[in-house]
Amino acid sequence: MMTTKCTEDMNSKGEQTSPATEKVGEKKRVVVKVGSNVLTRDDGKLDVTRMSAIVDQVVWLKQHGYEVILVSSGAMACGRDELKVTRKLDSVAQRQLYSALGQVKLIGLYYDLFREYDLHVGQVLTMKESFSTRGEYLNQRACMSVMLENGVIPIVNENDTVSVTELMFTDNDELSGLIASMMDADTLIILSNVDGIFNGDPKDSQTRVIPMVNYDRDLGEYIQDTKSGFGRGGMLTKANIARKVAEEGIKVIIANGKTTNILVELATKPMETMHTEFRPNPTPTSTLKKWIAHSESFAKGRVVINDKAAEALKGHKAVSLLPVGVTAVEGDFEEGDIINVIDQQGNNIGVGRSGYSAEEARRRMGVHDVKPVIHYDYLYME
């Protein structure tokens, strides 16, 4: 692929904005996501040389004052290289088998590579539903916090042996976004096999990498919704996750993990290093609302509201969703579960933690002067 020097981006008013000037080095907690397309060769096997290079760069970050959380793919590639299956397996069975075999090898390789620098690593295997309840969410955060406090590098991956079909993350981009939000990271770096987000077809020699965009900028017009290589997600997924995480006040960088010393270059020479940076929201939401914002896909039900309620929720003032504005309650949920808020046109306009069970919400529907269905402290508007 031919790459060219970064070009300036345009903001929503058509004004030019300058490329990134803030160094990653000014941040202290960094989540680094390494994709399958970075860690695998063309034949689908693990690229141990590339893996070693990533470890060297993470060590450099540690030595320069960073707390690093590594979200790493590669278990499937490791497992595929370990065992030749004599009979055909369906996609779920194949994923479970190779992941179970490969995760052991993957974490073992990381252990050996980091041990050369006298650094400790800890394995964190998680599932999408582990983020769906506040208790499990906080337990995961506490686990990784104590690891960081004791100088241990958390290495996170999805538990593919039990995460199948609808229970799976879109890919580790989604997982890394959740981790960055949960751990109040300053920066999320998504390492892929491309230099960033292009303003056209990457195969066109005139196409440039967009160096910086605001958290609320929609880049859908530039991105082809295609997947490549051995990863599950594509650039559209990365851009959507990057926008969501940046909206929560976390800087997001998309860069090429196959570029020599990319993490060090981003830290020391960001202006000269090819990447796309999503500028973070200067007024992010609370930690609790960050969890709620990422919980839309975990919703146990939904409430449909009338136009007056929708207008109030979309206003500038923080308001709660009251039963009087609810026209329908769908699903089977309990008090405290995450539910979606739907307007009369069928649009999902918010997500929050329910103050009622579904049965009780139906009984209170349209009633005045009772507690909110969703209190504004637990409501995130899309």
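This passage describes the overall make-up of a predicted model, then one of its sheets, a set of annotated positions and the cysteines.

To start with the whole chain, the secondary structure comes to 11 helices and 15 strands. Of the 382 residues, 50% are buried. The accessible surface amounts to about 17,700 Å², and carbon and sulfur atoms account for 47% of that area. Contacts reach well along the sequence: when pairs at least 6 apart in sequence are considered, 75% of the contacts join residues at least 24 apart.

It is worth pausing at the sheet that includes β15. Five strands make up this open sheet, and following them across gives the order β12-β11-β13-β14-β15, with mixed pairing. The edges are formed by β12 (326–331) and β15 (379–381), each of which pairs on one side only. From one strand to the next, the twist averages 20°. Within the sheet, β11 (residues 301–305) and β13 (residues 338–342) run parallel and are joined by four bridges. A convenient place to look at this pairing is Val-304, which stands opposite Ile-342 in β13.

The annotated positions come next. An unreviewed UniProt entry lists Ser-73, Asp-160 and Asn-172 under "binding site". These residues span 100 residues in sequence, yet no two of their C-alpha atoms are more than 11.2 Å apart, so they gather at one spot. Two of them can be placed in more detail. Asp-160 lies in the loop that runs between β6 (153–158) and α6 (172–182), while Asn-172 belongs to helix α6 itself. With a relative accessible area of 8%, Asp-160 falls under the 20% limit and therefore counts as buried. Asn-172 is buried as well, its relative accessible area being 6%.

The surroundings of Asn-172 help to fill in the picture. Leaving aside neighbours within four places in sequence, Asn-172 is in contact with Lys-33, Val-71, Ser-72, Ser-73, Asn-157 and Glu-158. One of these partners, Ser-73, is itself among the positions listed in the UniProt entry, so the contact list of Asn-172 links two of the annotated residues directly.

Finally, a word on the cysteines. A disulfide is a covalent bond between the sulfur atoms of two cysteines. A search of the whole structure finds zero of them. Cys-78 is buried, with a relative accessible area of 0%, whereas Cys-143 is partly exposed at 37% relative accessibility.

Key
Residues numbered from 1 in each chain as written. Predicted model: local features only at pLDDT ≥ 70, side-chain atom pairs only at ≥ 80, totals over all residues. Heavy atoms only, no water. Pairing = 2+ DSSP bridges. Helix = DSSP H or I, 4+ residues; strand = E, 2+ residues; numbered from the N terminus. Axes fitted to C-alpha atoms, helices over the stretch in contact; angles between N-to-C directions. UniProt positions renumbered as here; feature names shortened; annotations may be inferred. Buried < 20%, exposed > 50% of the residue type's maximum accessible area, 1.4 Å probe, protein only. Contact = heavy atoms within 4.5 Å. Disulfide = S-S within 2.5 Å. Areas by Shrake-Rupley, 256 points an atom, 1.4 Å probe, with all protein chains shown as cover.
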